[in-house]
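Dear colleague,

Here is the structure I promised to pass on. Please open it first; my notes follow below.

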Amino acid sequence: MKYYELEPTRKYREIERRGLSAWNELHGEPGFDFSLRPFLDRVLPTLGFKTDRPSALEIGCGTGACCCFLAGQGFDVTGLDVAPKAIELARRFAADRGLNFTCEVADICRWNAPHPAFDLVVDGHCLECIVLDDDRQALFAAVRRTLRGDGYYVVGTTVWNPDRDYGDSHVDQNGIVSVPVANASDFEDARMIGGSWYLPNRRHLHPESLRDELNAAGFDVRCQSGGDLLCSLAR
Ligand SMILES: C[S@@+](CC[C@H](N)C(=O)[O-])C[C@H]1O[C@@H](n2cnc3c(N)ncnc32)[C@H](O)[C@@H]1O
């Protein structure tokens, strides 16, 4: 199993069991909402699309709050998530709202991305769960492949904050946050640190390093507010 499958498997079961509707609610933020929304509210009106119904892909769509938002804004939406329970809930919550969009179970790091298909790709806090360099490169390659030449890539990711309490996690100089894991043999990427087993869990980069990483991966960063970025393909 890949390290990024464990937490969502647990969390979406918990969301269903507690009758919640979105990941944000696990952190005490109420309602069917998503963290990237204020940034999207700000940048979407500034973007030009050639069609009245642009296509949008959300990577790591969870229970579909952002997909529903984008569908409500007139986008033809596709949501992907590695967690089957997330996709089951996203389909249910979309149907409850009378919205219709495509939701698929897929691992973005192994996804056979359709060649340029989307006017907008949105990543609402999936990138921070994709920790290891090779996996992040695979994610960026999928975005490069599937984004139209004149399309936009909006990323929201949690950045490094020296005041954050990382508890019993191990944090290294590359912003890799690893958490203790009991069943290490189930995971190809489990690593021994100081005599205990850990699993990569988050990548929290400095905003400047995040920008450098996106530039190196072939994107121009058009605007950045901490971990929220509006990008396009580098020309
Ligand atoms: C922090 S949650 C955010 C969910 C949703 N975007 C929101 O704002 O509510 C990150 C999401 O990324 C998904 N994810 C993690 N790794 C993934 C991968 N390799 N491929 C697709 N989705 C992934 C998780 O299952 C989870 O739903």
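Gly19 comes after helix H1 and has a positive phi, near 70 degrees. This is a predicted model.

H1 itself (3-17) has two sides. Tyr3, Tyr4, Pro8, Tyr12 and Ile15 are its buried residues. They span an arc of only 140 degrees around the axis, so they fall on the same side of H1. Arg10, Arg13, Glu14 and Arg17 sit on the other side and are exposed. The buried set packs against H4 and S9.

The H1-H4 contact can be described in more detail. Helix H4 covers residues 84-96. Its axis and that of H1 are 8 Å apart, at an angle of about 35 degrees. From H1, the contact uses Pro8, Tyr12, Arg13, Ile15 and Glu16. From H4, it uses Lys85, Ala86 and Leu89. Sorted by class, this contact has five nonpolar and three charged residues, and no polar ones.

Met1 lies in the segment before H1. Is Met1 buried, exposed or partly exposed? It is partly exposed, because 13 other C-beta atoms lie within 10 Å, and burial takes 20 or more. Beyond its neighbours within four places in sequence, Met1 contacts Leu6, Asp186 and Phe187. Asp189 is 188 residues away along the chain, yet its C-alpha atom is 8.7 Å from that of Met1.

Next, S9, the strand that the buried side of H1 packs on. S9 spans residues 196-203. Six of its eight residues are buried, so the rest of the structure largely encloses it. Which strands pair with S9? Strand S7 (residues 176-180) does so in the antiparallel sense, over five bridges. There, Val177 stands opposite Arg202. Strand S8 (residues 191-193) also runs antiparallel to S9, joined by three bridges. In that pair, Met192 faces Trp197. S8 and S9 make a hairpin with two residues between them. Gly194, in the turn, has a positive phi of about 55 degrees.

Now the open sheet. It has seven strands, in the order S3-S2-S1-S4-S5-S11-S10, and the pairing is mixed. Strand S3 (102-105) and strand S10 (219-225) are at the edges. Each has a single partner strand, so one side of each has no neighbour in the sheet. From one strand to the next, the twist averages 20 degrees.

Within this sheet, strand S4 (residues 118-124) pairs with strand S5 (residues 147-156). The two are parallel, with six bridges. Asp123 has Val155 in S5 as its bridge partner.

Two helices to look at on the sheet are H5 and H6. Helix H5 (residues 133-146) lies across strand S1 (55-59), S4, S5 and strand S11 (228-233). Its direction is at about 140 degrees to S5. Helix H6 (residues 207-216) touches S10 and S11. The direction of H6 makes about 160 degrees with that of S10.

His125 deserves a look. It sits in the loop between S4 and H5. Its phi is positive, near 70 degrees, although it is not a glycine. Most residues other than glycine have a negative phi. Is His125 buried or exposed? It counts as buried, because it has 21 C-beta neighbours inside 10 Å.

H3 is mostly covered, with seven of eight residues buried. These are Ala65, Cys66, Cys67, Cys68, Phe69, Leu70 and Ala71. They pack against helix H2 (37-43), S1, S2, H4 and S4. Gly74 follows H3, and its phi is positive, near 95 degrees.

Last, the ligand. Which residues come nearest to it? Of the 25 around it, they are Pro8, Phe34, Gly60, Gly62 and Gly124. Helix H1 (3-17), helix H3 (65-72) and strand S2 (76-81) each give two or more residues to the shell. By class, the shell has 17 nonpolar, six polar and two charged residues. Pro8 thus appears in three places: it is buried in H1, it meets H4, and it is among the residues nearest the ligand.

Best regards

Notes: Residues numbered from 1 in each chain as written. Predicted model: local features only at pLDDT ≥ 70, side-chain atom pairs only at ≥ 80, totals over all residues. Near = placed C-beta within 6 Å. Helix = DSSP H or I, 4+ residues; strand = E, 2+ residues; numbered from the N terminus. Nonpolar A, V, L, I, M, F, W, Y, C, P; charged D, E, K, R; others polar. Pairing = 2+ DSSP bridges. Axes fitted to C-alpha atoms, helices over the stretch in contact; angles between N-to-C directions. Contact = placed C-beta atoms within 7 Å. Buried ≥ 20, exposed ≤ 12 C-beta atoms within 10 Å, placed from the backbone. Arc of directions from axis to C-beta.
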